[in-house]
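Here is a short tour in questions and answers, with each label held up against its own cut-off. Let's look at the model together.

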Amino acid sequence: MQLTDSEQAVRDGSEGEARAHAMDLLCRYGKALGAERLIDTNNVCGGMVGALPGRRDLLPEVPEGEERDMDQVYSLLNLDADKTFDIPPVKAMTYRLIDAMDPDKADVQRVSPESQQISKDVGKFCSKVGINQCNTCTPYQIGNVPVMGEHCAWMESSAVIYINSVIGARTNVEGAHSASAAALVGKIPYWGYHTDDYRRGNYLVEIDHDVESMLEWGLMGYWIGEKVKNNVPVLTGIGAPPNPNKLKHFGAAAASSGGIEMYHIAGVTPEARTVDDAVRGREIREKLVFGKKQLEEAYSWFSTAKSRDVDFVVIGCPHASLEQVKLVASLLEGRTLSANSNLWIFTPKALKSMADRIGYTATIEKAGAHLMSDSCSALSRVYPEGVQVAATDSCKQAHYLPAILKFGTWLGSTEQCVDAAVTGKWNGGLAGHKDAGKMIAPGALQ
Amino acid sequence: MIGAAGTKTILKGRSVVDGVAEAEAIVTTQAISGFGGIDSKTGEVIEVRHELCGQSFKGKILVFPGAKGSSGWASHFQSTRLAGAAPAAMIFKIMTTKMALGAVVTRVPAVTDLDQDPAEVIKSGDWVKVDGTNGIVEVTHK
């Protein structure tokens, strides 16, 4: 690793111990990668993992009557340091990706008083050091939209694949320690998807089916991820152009099944005016075809539920857009949830306040469902009591719910999921899932 | 390619994390997940469809293709170190940001880019010395 004079000075301690450690960590990480240098970043999205279940157990006990030492937590869990630093303000614009709860729905989410206290402690620390608590896996939906070519340091695979592919920003999937170090010094190793070469496509996928609905886009992403693993697919033959919701679900699914961090859609995404533009001379490893058979194959991987009695419907993975919230509100208008079921929809706090204003929230809550922010069932491990069978419109959530929360899980369209919450029964499936499209604007979600 | 019992094979590659360690090897041809893939308290692989499911890499030389899954990979492997359940060293093939950061915060010797496929040369149970500083692996075949 070659450091500039100013980077070396920070590593040597010119800006204090915490930034020196952060710079050293990024250098060791860069060396491990095989990077030759660091690059400036002013856009960091990371997790304060100390608050999430699983990592919480590593925190030392807080003596009775004392406040938790958050500098200690950040030094240990986020910077991998052996000593506790006095953590200074972050240097880069930094955004937090998720909290362990919705502070306005902590009771509904059944969050323990201890966990609520940890969330408060983390929130207070974020304010102290200048981390913006967006608390959403979709920062790009609430104003953190990088420009093409901007070097970022983001965690959260569904957000990374979105900004790399749809926006043309440049980031690898960072981890808690690299994002936290980047926040303190405004640097990240220049490697991987920061470089032109890594961004070139090396798989071709011909789309031989009218992929229209959000569910189909999700399934296509999941299938392609399963096949190409962590390579860079180039999609050709897209019929109707997608909208941001569909690309959000496509990318989240592709990153969950295979670890894709970047894709191209010829004629749609910014680094793929044509196939040649996307590939730029890179060797193509394999050509795949995605048709109706592959769509059905992808759907068949998901039926993990046996009972059709649905206790819990989860919508908003990744966090729902305003259009998705509107769709759920319109589907719930004048209806009431089954006494045996629950419906939680997750959206960023900023979009929730928009939904409050226009009245989507009132419609959703009147039906007995909950519009929630800041959190997520799978990561925050929040769910109603006694759940055994869940339904969701997200391939990513359907991928994680059975593994993490051990729920049997149905996958369907948003309308099928809302119907399941209203009737308490699963009647969805791939066949007929687009029927609702007749009542929704062209190009809309289903 | 595999040597007779008691013979040695030397592999040369690139340093990822400095340091020297030796122990018995545990070898897999399947990538490992952090989140949902391992129990950080015991070092056991818990992914149901994984060929190492139920086996622990604690104190062993972990030979594997690399990391897969959630961006929390490094946090889960840092947790194995804090719980005393980390592998003694890592030998891997596919470089990713998860893998690099995970090796750094697990703080064990690590090498990659070896001149022969480590999963073919090394068998579970072989005695392996990893010189992470110089990128050299010495295998004593069982």
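**Helices of chain A**

Q: How do you judge the span of helix H4 (residues 113-129) of chain A?
A: H4(A) has 17 residues, and its first and last C-alpha atoms are 25 Å apart. The expected span is 1.5 Å times one less than the number of residues, which here comes to 24 Å, so the helix is close to expectation. A helix here is a DSSP run of H or I with at least four residues, a strand is an E run of at least two, and both are numbered from the N terminus. Please keep in mind that this is a predicted model, where local features need pLDDT of at least 70 and side-chain atom pairs count only at pLDDT 80 or more, while totals for chains, interfaces and linings use all residues. Residues are numbered from 1 along each chain as its sequence is written, and chains are lettered from A and ligands numbered from 1 in the order in which they are written.

Q: Which residues of H4(A) are called buried, and what do they pack against?
A: Buried means that 20 or more other C-beta atoms, placed from the backbone, lie within 10 Å of the residue's own; 12 or fewer means exposed, and anything in between partly exposed. In H4(A) the buried residues include Ile118(A), Val122(A), Phe125(A) and Cys126(A). The buried residues of H4(A) pack against helix H3 (70-78), strand S3 (94-96) and strand S4 (131-132) of chain A. Just past the helix, Gly130(A) takes a positive phi of about 90 degrees.

Q: What makes helix H6 (residues 176-185) of chain A "mostly covered"?
A: The count of buried residues does: 10 of its 10 residues are buried. Among them are His177(A), Ser178(A) and Leu184(A). Gly186(A), just after H6(A), has a positive phi of about 70 degrees.

**Unusual backbone spots**

Q: Why is Lys229(A) called partly exposed, and what is its phi?
A: Lys229(A) has 14 other C-beta atoms within 10 Å, which falls between the two limits, so it is partly exposed. Its phi is positive, about 55 degrees, although it is not a glycine. The residue sits in the loop between helix H7 (214-228) and strand S8 (233-236) of chain A. In general, most residues other than glycine have a negative phi, and most peptide bonds are trans.

Q: How do you know whether Asp374(A) is buried or exposed?
A: With 26 other C-beta atoms within 10 Å, Asp374(A) passes the cut-off and is therefore buried. Asp374(A) is likewise not a glycine, and has a positive phi of about 70 degrees. Look for it in the loop between strand S13 (370-372) and helix H14 (377-380) of chain A.

Q: Where is there a cis peptide bond, and what is its omega?
A: The bond joins Cys317(A) and Pro318(A), and omega is about -10 degrees. Pro318(A) lies in the loop between strand S11 (312-315) and helix H11 (322-332) of chain A.

**Whole chains**

Q: What makes chain A as compact as a globular protein of its length?
A: Chain A contains 16 helices and 15 strands. Its radius of gyration is 22 Å, and the globule rule gives 22 Å for 446 residues, so the two agree closely. That rule is 2.2 Å times the number of residues to the power 0.38, with the radius taken over C-alpha atoms.

Q: How does chain B fare against a compact globule?
A: Chain B has 3 helices and 12 strands. A compact globule of 142 residues would have a radius of gyration near 14 Å, and chain B has 14 Å, so it agrees. Of these residues, 51% count as buried.

**Strands and the contact in chain B**

Q: Why is strand S11 (residues 127-131) of chain B said to pair with strand S3 (residues 20-27) of chain B?
A: Pairing takes at least two DSSP bridges, and these antiparallel strands have 5, so they qualify. Ala21(B) stands opposite Val130(B). S11(B) also runs antiparallel to strand S12 (residues 136-140) of chain B, again over 5 bridges. Along S11(B), Val128(B) and Val130(B) point to one face and are buried, while Trp127(B), Lys129(B) and Asp131(B) point to the other and are not.

Q: Which residues count towards the contact of chain B with chain A?
A: Residues are in contact if their C-beta atoms, placed from the backbone, lie within 7 Å. The contact takes 22 residues from chain B and 24 residues from chain A. On the chain B side, strand S2 (14-17), helix H1 (73-82) and helix H2 (97-106) each supply at least two residues. H2(B) gives the most, with 7 residues.

Note on methods: Contact = placed C-beta atoms within 7 Å.
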